[in-house]
Amino acid sequence: MGTYLIPGLDGVAYGLLLAIAAAGLTLAFGVGGVLNLAHGTLIAAGGYVAAATSSGTWISLAAAVTLATAVGAAGGGVLAAATARLRGRGHLDQALLTFGVALIGADLLTTVFGADIRRPRLPAALETTLTIAGHPYPADRLAALTAAVVIAGIGYGVLHRTRAGRLIRAAVDDRQMVAGIGVDPRVVDAMVLVASGALAGLAGALCTPILGVGPAAAPTALLLSLVIVVCGGLGSVPGAVVAAIGVGLVQTIGVITIPALAPYLLLGTMALLLLTRRPPLPGVRG
């Protein structure tokens, strides 16, 4: 049992961080109807900004997380403006546009920040090791897990307890009703894409101390987000959380359990799930 405790904790932490990133993608598609293939680039941008900003103090760390979130939100706003005229023309046009943005963005990030793997400097308290059930565990990973749980709770509260959240969920079910109460659905779409970008930037900032950020970060983040969105159900945030934790556990416990199949476990599990299930994973839409 002790063999799997730390990998299991790592898997849950990793999964919750992925859930923050994937929640933005599933909201963009489920509410705004936008297939955003530049989502991974926004995550990488948040990671690069955090790595460049955090200098080892708590103030710089807070500034890094805030700035990364703001950069992601700004990117989401740009994509909202760029894709607004493509609504109703099918997802292929959106995919081509956002894929082009992703390629340009990834090249710009490499040009500005270089091709090396980068990590932010953390406060000394987060560079230490704690003991959990007799096993050493890095403080920065525990902090990331705690932050992910708090953010997930705040996100649930926003979606289910605020007017903005009710508008988002209403836009999924009946856009005409939203227009009927005097709210332009296009404004809701733009708001969702901005929030999606903010979540991507935030996820990038939280993941970077653990995983680092480099040229492969954007495509990897996009691939994992797409796997989570598809397995969790399009437009389902709770489903995305469940799928993300599953992905995290497959990437940690699965790899140490069946090391010979490590390169194939994630996509193989996804394929098996899609071929054998009928309903999406547990979770309500939106």
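Start with serine 196. Serine 196 is buried, because its relative accessible area is 1% and the cut-off for buried is under 20%. Keep in mind that this is a predicted model. The residue sits in helix H8. Show what surrounds serine 196: beyond four places in sequence, Gly24, Leu25, Ala28 and His39 touch this residue.

**Stop two: asparagine 36**

Stay with Leu25, which also touches asparagine 36. Select asparagine 36, in the loop between H1 and helix H2 (39-53). Buried or exposed, this asparagine 36? Buried, with a relative accessible area of 3%. Display its other contacts: Leu42, Leu79, Thr98 and Leu222, again not counting residues up to four places away in sequence.

**Stop three: the H3 and H8 pair**

Go back to H8, and colour residues 185-211. Then colour helix H3, residues 58-83. At what angle do H3 and H8 pack? The angle is about 145°, and the axes are 6 Å apart. Turn the view to see the crossing of H3 past H8, which is right-handed. Now show the side of the contact that belongs to H3: Val65, Ala68, Thr69, Gly72, Ala73, Gly76, Gly77, Leu79, Ala80 and Thr83. Add the H8 side: Ala190, Leu193, Val194, Gly197, Ala198, Gly201, Leu202 and Ala205. Leave Leu79 on screen for a moment; Leu79 is part of the H3 contribution here and also touches asparagine 36.

**Stop four: threonine 3**

Keep Gly201 selected and add threonine 3. Threonine 3 belongs to helix H1 (residues 2-30). Threonine 3 is exposed, with a relative accessible area of 58%. How many Å separate threonine 3 and glycine 201, C-alpha to C-alpha? The span is 33 Å in space, and the two are 198 residues apart in sequence.

**Stop five: the salt bridge**

Move along H1 to aspartate 10, which lies in that helix. Select arginine 141 as well. The two form a salt bridge, with the closest N and O atoms 2.9 Å apart. How many salt bridges does a search of the whole structure find? One. Side chains of opposite charge can pair when their charged atoms come close. Arginine 141 is in helix H5, so the pair ties together parts that are 131 residues apart in sequence. Check the surface around each partner. Aspartate 10 counts as buried, at 17% relative accessibility. Arginine 141 counts as partly exposed, at 29%.

**Stop six: valine 12**

Next, pick valine 12, also in helix H1. Valine 12 is partly exposed, with a relative accessible area of 28%. Which residues is valine 12 in contact with, leaving aside neighbours within four places in sequence? They are Leu145, Ile245 and Leu249. Put a distance label on valine 12 and isoleucine 245: their C-alpha atoms are 5.5 Å apart in space, while the residues are 233 apart in sequence.

**Last stop: a surface patch**

Finish on H5, residues 139-161. Select Val150, Ile154 and Val158, and switch on the surface. These residues make a nonpolar surface patch of about 250 Å². Zoom in on valine 158, which lies in H5. How exposed is valine 158, and what is its relative accessible area? Valine 158 is partly exposed, with a value of 38%.

Technical notes:
Residues are numbered from 1 along each chain as its sequence is written. This is a predicted model: local features need pLDDT of at least 70, side-chain atom pairs count only at pLDDT 80 or more; totals for chains, interfaces and linings use all residues. Side-chain values use heavy atoms; hydrogens and water are left out. Patches are made of residues with over 30% relative accessible area and no salt bridge: like charges are joined within 9 Å, nonpolar side chains (Val, Leu, Ile, Met, Phe, Trp, Tyr) within 5 Å. Accessible areas come from the Shrake-Rupley method with a 1.4 Å probe; for residues, only the protein chains shown count as cover. A salt bridge is a side-chain nitrogen of Lys or Arg within 4 Å of a carboxyl oxygen of Asp or Glu. Helices (H or I, at least four residues) and strands (E, at least two) are DSSP runs, numbered from the N terminus. Buried means under 20% relative accessible area, exposed over 50%, partly exposed in between (1.4 Å probe, protein chains only). Axes are lines fitted to C-alpha atoms, for helices over the stretch in contact, and angles run from 0 to 180 degrees between N-to-C directions. A crossing is left-handed if the near helix is turned anticlockwise from the far one by less than a right angle, and right-handed if clockwise. Contact means heavy atoms within 4.5 Å.
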